Amino acid sequence: MEQSIRTGTPRVPPQARAADVDRQRGVAPADTRGEHTHSETPIPGPRPVQRASVRGQILEALRTALVAGELRPGEVYSAPALGERFGVSATPVREAMQQLALEGAVEVVPNRGFRVVERGARELAELAEVRALIELPVMLRLARTVPAERWAELRPLAEATVRAASSGCRATYAESDRTFHRALLALSGNEQLVQIADDLHRRSQWPLVGAPASRGHADLLADAVEHAALLDALIARDLDVVRSLVGEHFPGAS
């Protein structure tokens with residue numbers, strides 16, 4: 001001990017010396033074998049959390065770029081190139097793109113990257129029909145049971161969609177639009193319904209082949225003002241108006 005102090009050599013804990021012996025013998029140290037001492041509970045390191053956080057941020061950035069038309073249908077994008085754009089390595093980009101592939105937004109192109117799926121008006125109409133089949137019965141049921149004050153609580157979210165539409169940014173409006181619909185359907189108390197409807201809603205916001213990169217103020221505003229009108233009809237329990245507005249809000253739904 002005195003020699004260690006004089007020479008400045010740091011003391012090595014017994015566990016570390018044992019680990020060195022294990023390495024020399026070709027045996028993995030106890031901690032790498034998934035073992036731990038009785039006096040200490042293993043704590044996960046921060047790296048997986050940070051990596052998941054980066055992946056989540058990149059996923060949201062890619063979703064925004066997709067909705068905004070910055071990722072064009074039919075085009076192939078590589079993970080390294082997108083990584084340079086976002087200032088990260090290719091790994092979180094590749095993981096995020098694989099999630100988008102599961103959602104149907106892109107498809108994997110071996111040895112090249114990911115191609116943005118080309119979608120036409122027919123697919124959009126099919127999504128609108130499915131959304132109407134799911135959401136309309138729920139809205140009609142809620143209109144009969146939810147008190148007016150609960151609907152009034154959603155008024156700020158409806159107003160937020162109008163402000164988002166006024167910005168002219170398709171991605172900003174898309175997020176605000178989904179937030180309003182999630183809050184509306186959440187009054188049903190059915191979390192599975194909310195998740196499924198939100199997934200369909202997100203897919204309906206992807207750009208179409210040959211469509212403009214973004215909708216104009218007039219189109220976005222026309223869509224946004226229907227939210228306030230829908231709330232008015234729900235508060236008044238006017239089921240006929242609710243049906244009509246849902247049909248107008250989901251273009252292409254039969």
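**A tour from Ser176 to the salt bridges**

Begin by selecting Ser176, which lies in helix H9 of what is a predicted model. Ser176 is buried, its relative accessible area being 13%, because that value falls under the 20% limit for burial. If you now display its surroundings and leave aside residues up to four places away in sequence, you will find that Ser176 touches Leu157, Ala160, Thr161 and Ala164.

Next, move along the chain to Glu175, and show its side chain together with that of Arg178. The two form a salt bridge in which the closest N and O atoms are 2.5 Å apart. Both residues belong to helix H9, which covers residues 170-186, and since they are three residues apart there, about one helical turn separates them. Which of these partners is buried, and which is partly exposed? Glu175 is partly exposed, with a relative accessible area of 34%, whereas Arg178 is buried, with a value of 5%.

Keep Glu175 selected and add Arg182, whose side chain also meets that of Glu175 in a salt bridge, here with an N to O distance of 3.5 Å. Arg182 has a relative accessibility of 26% and therefore counts as partly exposed, because the partly exposed class runs between 20% and 50%. To see how these pairs belong together, extend the selection to Asp198 and Arg202: with Glu175, Arg178 and Arg182, they are linked in a network of salt bridges.

For the last stop, leave helix H9 and select Glu70 and Arg85, whose side chains meet in a salt bridge with an N to O distance of 2.6 Å. Glu70 lies in the loop between helix H3 (47-67) and strand E1 (76-77), while Arg85 lies in helix H4 (residues 79-86), so this pair ties together parts that are 15 residues apart in sequence. How exposed are the two partners, in terms of relative accessibility? Glu70 is partly exposed at 45%, and Arg85 is likewise partly exposed, with a relative accessible area of 44%.

As a general background to these stops, side chains of opposite charge can pair when their charged atoms come close. Should you wish to continue the tour on your own, the structure holds 16 salt bridges, among them the pair of Glu70 and Arg85 and the pair of Glu175 and Arg178.

Key: Residues are numbered from 1 along each chain as its sequence is written. This is a predicted model: local features need pLDDT of at least 70, side-chain atom pairs count only at pLDDT 80 or more; totals for chains, interfaces and linings use all residues. Side-chain values use heavy atoms; hydrogens and water are left out. A salt bridge is a side-chain nitrogen of Lys or Arg within 4 Å of a carboxyl oxygen of Asp or Glu. Helices (H or I, at least four residues) and strands (E, at least two) are DSSP runs, numbered from the N terminus. Buried means under 20% relative accessible area, exposed over 50%, partly exposed in between (1.4 Å probe, protein chains only). Contact means heavy atoms within 4.5 Å.
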